[in-house]
Amino acid sequence: MYTCLLCALLLIGCSEEAKTDISNATATPSAVSVSQNNEQDLIGIDADENLSLSEKDASKEINTNLVDVRKQKYKHAKELIGKRKYKEAYDILVSLNAHRAEFPKLLTLIKKVKILELGRIKKWKENNSKNQIIVMGRKVKVRIRYTSKDWKDKVANYTGEINYKQSTAYKIAIVHGDKLDYIRVDDSLHNIFDGCIEYEVCNARSHDYIQLYSQEGEVKRKESEKEYQKYLEKNRANDNKQEENVENDNEQEKIAEHNEVLPDPSIGMTASEVESSSWGKPEKKNITEYAWGTEEQWVYSNYRYVYLKNGIVTSIQRSE
């Protein structure tokens, strides 16, 4: 009996162990799957964070590189000024104008370049006149004819001096006594590096600026004038051609009107309608007058006749 009881207990224990093994075997794949998914999610988050960081680093690096490039350009412009290559330096400085915050002295340097260019040329003259200025360092010898504010013709004939503090990147100030003239070196139409400036006498009428040119600027001005004359001549030629075309069109219209098919004379027409017909005016008119009115015979070539009574066609005769 004890032997049977012991066997039963052993069978129950084996059965419980088998259930536990089966349960563990069933749960393991799911747990592994969850674990793998969590690992993949974490890897994805890390990858996104790393990508975002790398993009930011790249953007910072690009911006840093561009700033360095601009600094190099600014430095190169200064070197060009030292070599008296003012036009090249000016072009570089102007290209940096959008980043003025990075270069606090940019406008001051542009002003300096223009003053140096003014002195490099030395002599500036007006076309076909004695108006001129001669730059000698900071001194400027002026001889300018102008119209004053009270509409009198006057001559500015004195030696002034460049006032650096009162000058800007657009106008250079010239002090003479207690008065101040300006040399306009940059506007929408002219630039000192194109070889053209405008002298503004303090006592002159408003906007009465005298244009002065360097030798190179005068050559450019003449070339521009020639190009403008060519442009005008071309326009004149086009206008003349258009006028000729209009005249030809009008002539063609007249010819077409003339060649338009006109009606033959017909009974009931008036004398003027017959003249406007395809037969036109007669070669000869035979007129007979009566107490009651007139009868007419209009004679045409090729034995053609039109008969009218009191100006109205009553019969027509032709040879076939």
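**Exercise 1. How many of the five residues of strand β7 (residues 196–200) are buried? Place the strand among its partners.**

Before we start, a word on the model: it is predicted, so to speak of local features we need pLDDT of at least 70, side-chain atom pairs count only at pLDDT 80 or more, and totals for chains, interfaces and linings use all residues. Residues are numbered from 1 along each chain as its sequence is written, and side-chain values use heavy atoms, with hydrogens and water left out.

*Step 1.* Take the cut-off for cover: buried means under 20% relative accessible area, exposed over 50%, and partly exposed in between (1.4 Å probe, protein chains only). By this rule four of the five residues of β7 are buried. Strands here are DSSP runs of E with at least two residues, helices are runs of H or I with at least four, and both are numbered from the N terminus.

*Step 2.* Look for partners, where pairing requires at least two DSSP bridges between two strands. Strand β6 (residues 179–184) is joined to β7 by three bridges, in the antiparallel sense. Strand β8 (residues 210–213) is also antiparallel to β7, with four bridges.

*Step 3.* Pick out facing residues. Glu198 of β7 stands opposite Arg184, while Tyr199 faces Ile210 in β8.

**Exercise 2. Follow Tyr199 into the largest nonpolar core.**

*Step 1.* Define the set: a nonpolar core consists of buried Ala, Val, Leu, Ile, Met, Phe, Trp, Tyr and Cys residues joined through side-chain atoms within 4.5 Å. The largest one has 39 residues, and Tyr199 is listed with Leu118, Ile133, Ile144, Ile183 and Ile197 as having the most contacts inside it.

*Step 2.* Ask which element gives the largest share: helix α3 (residues 106–121) does, with six residues. Another core, of eight residues, lies apart from this one and includes Met269 and Val306.

*Step 3.* List contacts (heavy atoms within 4.5 Å). Beyond four places in sequence, the partners of Tyr199 include Val142, Tyr158, Ile174, Asp208 and Leu212.

**Exercise 3. Describe the surroundings of two buried polar residues, His176 and Arg221.**

*Step 1.* His176 sits in strand β5 (residues 171–176). Its relative accessibility is 13%, so His176 counts as buried.

*Step 2.* Check polar contacts: pairs of N or O atoms within 3.5 Å, where within protein one must be able to donate a hydrogen and the other to accept it, and residues adjacent in sequence count only if both atoms are side-chain atoms. The side chain of His176 has one such contact with that of Tyr158, at 3.2 Å, and one with that of Asp181, at 3.1 Å. Thr159, Gly160 and Cys202 are also among the contacts of His176 beyond four places in sequence.

*Step 3.* Turn to Arg221, in helix α4 (residues 215–259). With 16% relative accessibility, Arg221 is buried too. A polar contact of 2.8 Å links its side chain to that of Glu218, and beyond four places in sequence Arg221 touches Asn127 and Tyr213.

**Exercise 4. Which strands stand at the edges of the open sheet β9-β10-β11-β12?**

*Step 1.* The four strands come in that order, with antiparallel pairing.

*Step 2.* β9 (284–289) and β12 (312–317) each have a single partner strand, so they stand at the edges and one side of each lacks a neighbour in the sheet.

*Step 3.* Inspect one pair: β11 (residues 304–309) and β12 run antiparallel over five bridges, and Tyr307 has Ser315 in β12 as its bridge partner.
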